[in-house]
Amino acid sequence: MRELGTWFHNLDLCGVRTAPDHFLGDYPAVKWRRFAHALPSDLKGMSVLDIGCNAGFYAIEMKRRGADRVVGVDHDPDYLEQARFAAGVLGVEIEFRELSAYDIAALGERFDVVLFLGVLYHLRHPLLALDLIHEHVARDLLVFQSMQRGSAEIEPLEADYPITEVELFERPGFPRLHFVEQRYSKDPTNWWLPNRACVEAMLRSAGFEVVDHPEEEVFLCRWRPRQAGSQAVYPAKRGQR
């Protein structure tokens, strides 16, 4: 375990803790206990995709709930080595793939449950990632979590406003995505910090309906067809303009 480096997930591997001195405590178990009740307790017959799986804590929990197939993807090969080791020690069968959130179309399939936990704010192009999840891998349930900053209020919004409307943008409950140019919490990959209104608005824009909010940072969503005029814009392929 020590040979695999520093662990971010504090896993219990047969009585040995991978990150016993974690700065967030028993993480992510302490987070999981606050919203575990909101997910189906029996996932038999279902497939699960864990995007940004890190060392595999949530993927392992999905397998413990009986999911037929669990796939974990991460762009960091070191995290994936930790995840494979942990799954092997615990005797759970999980497929791990080295993919970024932008490359998930390469999986070529949709999943009954998609986990997108603690990833959005690490991405330079967060809405694109949500669009790709909707377009390529989500079939029904999306479990979303993001660090949030700013107000937890939700400002009721009209469908359109005149260009003379400026006061609206100063209200605490207006959807706001704070950009981090340098670092936040000493982490250069913390790019965006949304408020709650922004999280819900981005999920709706990407084609997901928020159906439950079991924990302050966690949202359970259902896949819905996109509304007309809300299609995502994708990067052009090589040779195209």
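**Salt bridges, a buried strand and overall architecture**

Glu200 is buried in the predicted model, its relative accessible area being 12%. Its side chain meets that of Arg196 in a salt bridge, with a distance of 2.9 Å from N to O. The two residues both belong to helix α5, which comprises residues 196-206, and they are four residues apart, or about one turn of the helix. Arg196, by contrast, counts as partly exposed, since its relative accessibility is 25% and the partly exposed class lies between the limits of 20% and 50%. Salt bridges that share partners also occur, and they join Asp12, Arg17, Asp26 and Arg33 into one network.

The structure holds 19 salt bridges, among them a contact between Arg34 and Glu215 in which the closest N and O atoms are 3.0 Å apart. This pair links distant parts of the chain, Arg34 being placed in helix α1 (residues 29-35) and Glu215 in strand β10 (residues 208-215), with their positions 181 residues apart in sequence. The environments of the two partners can be stated separately: Glu215 is buried, with a relative accessible area of 6%, whereas Arg34 is partly exposed, with a relative accessibility of 40%. A further salt bridge is formed by the side chains of Arg171 and Glu155, for which the N to O distance is 2.7 Å. Both Arg171 and Glu155 lie in the loop between β7 and β8 (177-179), so the pair ties together parts that are 16 residues apart in sequence. Of these two residues, Glu155 counts as buried because its relative accessibility of 18% falls under the 20% limit, while Arg171, with a relative accessible area of 28%, is partly exposed.

Strand β6 was examined next. Seven of the seven residues of this strand, which covers residues 111-117, are buried, so β6 is largely enclosed by the rest of the structure. Strand β6 has parallel pairing with strand β3 (residues 47-51), the two being joined over four bridges, and within this pairing Leu115 of β6 is the bridge partner of Asp50. Strand β6 also pairs in the parallel sense with strand β7 (residues 138-145), here over six bridges, and in this second pairing Leu117 stands opposite Gln145 of β7. The connection from β6 to β7 passes through helix α4 (residues 126-137), and the resulting β-α-β crossover is right-handed. In a regular strand, side chains alternate between the two faces of the sheet.

Two individual positions illustrate local surroundings. Asn54 is found in the loop between β3 and α2 (57-64), and it counts as buried, with a relative accessibility of 9%. When residues up to four places away in sequence are not counted, Asn54 touches Phe8, His9, Asp74, Tyr79, Leu80 and Ala83. Val16, in turn, lies in strand β2, which consists of residues 16-17, and at 43% relative accessibility Val16 counts as partly exposed. With neighbours within four places in sequence left aside, Val16 is in contact with Met1 and Leu11. The C-alpha atoms of Val16 and Arg139 are 36 Å apart in space, these residues being 123 residues apart in sequence.

At the level of the whole molecule, the protein chain contains five helices and eleven strands. Its radius of gyration is 19 Å, close to the 18 Å that the globule rule gives for 241 residues, so the chain is as compact as a globular protein of that length. The C-alpha trace of the protein chain spans about 60 × 40 × 35 Å along its principal axes. Of the 241 residues, 47% count as buried, and the accessible surface of the protein chain comes to about 13100 Å², with 50% of this area belonging to carbon and sulfur atoms. Among contacts in the protein chain between residues at least 6 apart in sequence, 61% join residues at least 24 apart.

Terms used. Residues numbered from 1 in each chain as written. Predicted model: local features only at pLDDT ≥ 70, side-chain atom pairs only at ≥ 80, totals over all residues. Heavy atoms only, no water. Buried < 20%, exposed > 50% of the residue type's maximum accessible area, 1.4 Å probe, protein only. Pairing = 2+ DSSP bridges. Right-handed = clockwise from strand over helix to strand, strands pointing away. Rg over C-alpha atoms; globule rule 2.2 N^0.38 Å. Contact = heavy atoms within 4.5 Å. Areas by Shrake-Rupley, 256 points an atom, 1.4 Å probe, with all protein chains shown as cover. Salt bridge = Lys/Arg side-chain N within 4 Å of Asp/Glu carboxyl O.
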